[in-house]
Amino acid sequence: MSSRDYFILKFVTLLHRVMIVQRVVLNSRPGKNGNPVAENFRMEEVTLPESINEGQVRVRTLYLSVDPYMRCKMNEDTGSDYLAPWQLSQVVDGGGIGIVEESKHTNLTKGNVVTSFYWPWQTKAILDGDGLEKVEPQLVNGHLSYFLGAIGMPGLTSLIGVQERGHITAGSNQTMVVSGAAGACGSLAGQIGRLLGCSRVVGICGTPEKCVLLTSELGFDAAINYKRGNVAEQLKESCPAGVDVYFDNMNQNSHVILCGQISQYNKDVPYPPPLPPATEAIQKERNITRERFLVLNYKDKFEPGILQLSQWFKEGKLKIKETVINGLENMGAAFQSMMTGGNIGKQIVCISEDASL
């Protein structure tokens, strides 16, 4: 923004009683097979009116989430009927949490902490109150960003995915393998598999540091660095009784839970990607289920799921990891880092840490 434009914006602000806020828009598309970079996003200043209409609230953003599914929204066609693409030069949205500064909605008052899956990447925003969900800070012991991770959609995805598609039976000596095990969902899925009854949990990740984290802090029995050595041989060594549940050489009647495949998101291929003929033959021979899992199909389980995750967290049974970057200007960098494995646990961007009014 030029100096002239800046002073014009300031003048308009004073004249019409509007406030200046910062936002992030989609600057360019990486292409269906391209790797997203921070420069695909652009920050700019816009104005918000001082007054709000009936049913609306004005919110201040506290934390924003970046997630693998957003890579699909960068394309003109997301390839999914439940995801709309981001538009060029328009504000980007995703999971967010903030505090109500002003309300004309019957169920929301000033000071409420609220969240949404469609939160604009802005420092402040005027939103329809019907699209917001009020959350209770005591569920996360005041760690509000956890509502975007372990006590939010990633946690629900892990919990419900393992419950509904893992077919875990406590006491039956099952082994679970988790890919992307140091990420937002994987780090939780392994712990949840153990809590639900798996006797052995093995994680696959991409750095020695992540391997150490999985086994020393998160309770995994073993960790495999897929960038070093032969993964198949390491799996045989780490899973002497075979694999019964694979979250993302399986035992008879085992189960593969397809819960996002971040390694495929920069490729123009169908989801789930087709299997090689030899692998498909093994799948059929051993009666291995390979089921796509979409957490949005289980909305009736969201409330009890959040309460269960919160209880495990408060009891110290569920360890939560986050990677936090500060500043709206770093949204693009945070997204690029998350897409290349730079995060441990949930990738969060802190916009305004102070939740008080």
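**Figure 1. Pro208 in helix α5 of the predicted model**. Pro208 is partly exposed, with a relative accessible area of 33%. The residue belongs to helix α5, which covers residues 208–216. Leaving aside neighbours within four places in sequence, Pro208 is in contact with Asn225 and Arg228. Asn225 is 17 residues from Pro208 along the chain. The C-alpha atoms of Pro208 and Asn225 are separated by 6.6 Å.

**Figure 2. Leu196 in helix α4 and its contacts**. Helix α4 spans residues 186–196, and Leu196 is part of this helix. Leu196 has a relative accessible area of 25%, so it counts as partly exposed. Which residues does Leu196 touch, not counting those up to four places away in sequence? They are Val162, Gln163, Ile168, Ala170 and Trp312. A C-alpha separation of 9.5 Å lies between Leu196 and Leu159. Those two residues are 37 apart along the chain.

**Figure 3. Strands β8 and β9 side by side**. The pairing of β8 and β9 is parallel and runs over 5 bridges. Val177 has Val202 of β9 as its bridge partner. Strand β8 covers residues 175–179, and β9 covers residues 200–205. Of the 6 residues in β9, 5 are buried, so the strand is largely enclosed by the rest of the structure.

**Figure 4. Strand β6, with alternating side chains, and its partner β3**. Strand β6 comprises residues 124–128. Ala125 and Leu127 point to one face of the strand and are buried. Lys124, Ile126 and Asp128 point to the other face and are not buried. Strand β3, residues 56–65, pairs with β6 in the antiparallel sense. This pairing extends over 5 bridges. One bridge joins Arg58 to its partner in β6, Ile126. Ile126 thus has two roles to look for in this view: bridge partner of Arg58, and a side chain on the face that is not buried.

**Figure 5. Asp130, in the loop between β6 and β7**. Is Asp130 buried or exposed? Asp130 is exposed, because its relative accessible area is 64%, and the cut-off for exposed is over 50%. Its C-alpha atom and that of Gln56 are separated by 8.2 Å. Along the chain, Asp130 and Gln56 are 74 residues apart.

**Figure 6. Val18 in strand β1**. Strand β1 runs over residues 18–26 and includes Val18. Val18 has a relative accessibility of 13%, so it counts as buried. The C-alpha atoms of Val18 and Glu50 are separated by 5.0 Å. The chain distance between this pair is 32 residues.

**Figure 7. Two loop residues with positive phi: Asn141 and His167**. Most residues other than glycine have a negative phi. Asn141 has a phi near 50°, a positive value in a residue other than glycine. Asn141 sits in the loop between β7 (133–134) and α3 (153–165). Its relative accessibility is 49%, so Asn141 counts as partly exposed. His167 is not a glycine either, and its phi is positive at about 55°. The loop that holds His167 lies between α3 and β8. At 39% relative accessibility, His167 counts as partly exposed.

**Figure 8. The largest cavity and its lining**. Rolling a probe the size of a water molecule over the atoms shows where empty space is left. The largest cavity in this model has a volume of about 40 Å³. Which residues line the largest cavity? The lining residues are Ala150, Ala184, Ser187, Leu188, Ile320, Lys321, Gly345 and Lys346. By type, the lining of the largest cavity divides into 4 nonpolar, 2 polar and 2 charged residues. Domain 1 (3–149 + 321–350) gives at least three residues to this lining. Domain 2 (153–297) also gives at least three.

Note on methods. Residues are numbered from 1 along each chain as its sequence is written. This is a predicted model: local features need pLDDT of at least 70, side-chain atom pairs count only at pLDDT 80 or more; totals for chains, interfaces and linings use all residues. Side-chain values use heavy atoms; hydrogens and water are left out. On a 1 Å grid over the protein atoms alone, a cavity is a set of points where a 1.4 Å probe fits but cannot get out, and a pocket is an open set with protein on both sides within 12 Å along at least five of seven lines; lining residues have an atom within 4 Å of a point. Grid points are joined across faces, edges and corners, and a volume is the space filled by probe spheres set on the points. Ala, Val, Leu, Ile, Met, Phe, Trp, Tyr, Cys and Pro count as nonpolar, Asp, Glu, Lys and Arg as charged, and the others, Gly among them, as polar. Domain bounds come from an automatic or database domain assignment. Helices (H or I, at least four residues) and strands (E, at least two) are DSSP runs, numbered from the N terminus. Buried means under 20% relative accessible area, exposed over 50%, partly exposed in between (1.4 Å probe, protein chains only). Two strands pair if DSSP finds at least two bridges between them. Contact means heavy atoms within 4.5 Å.
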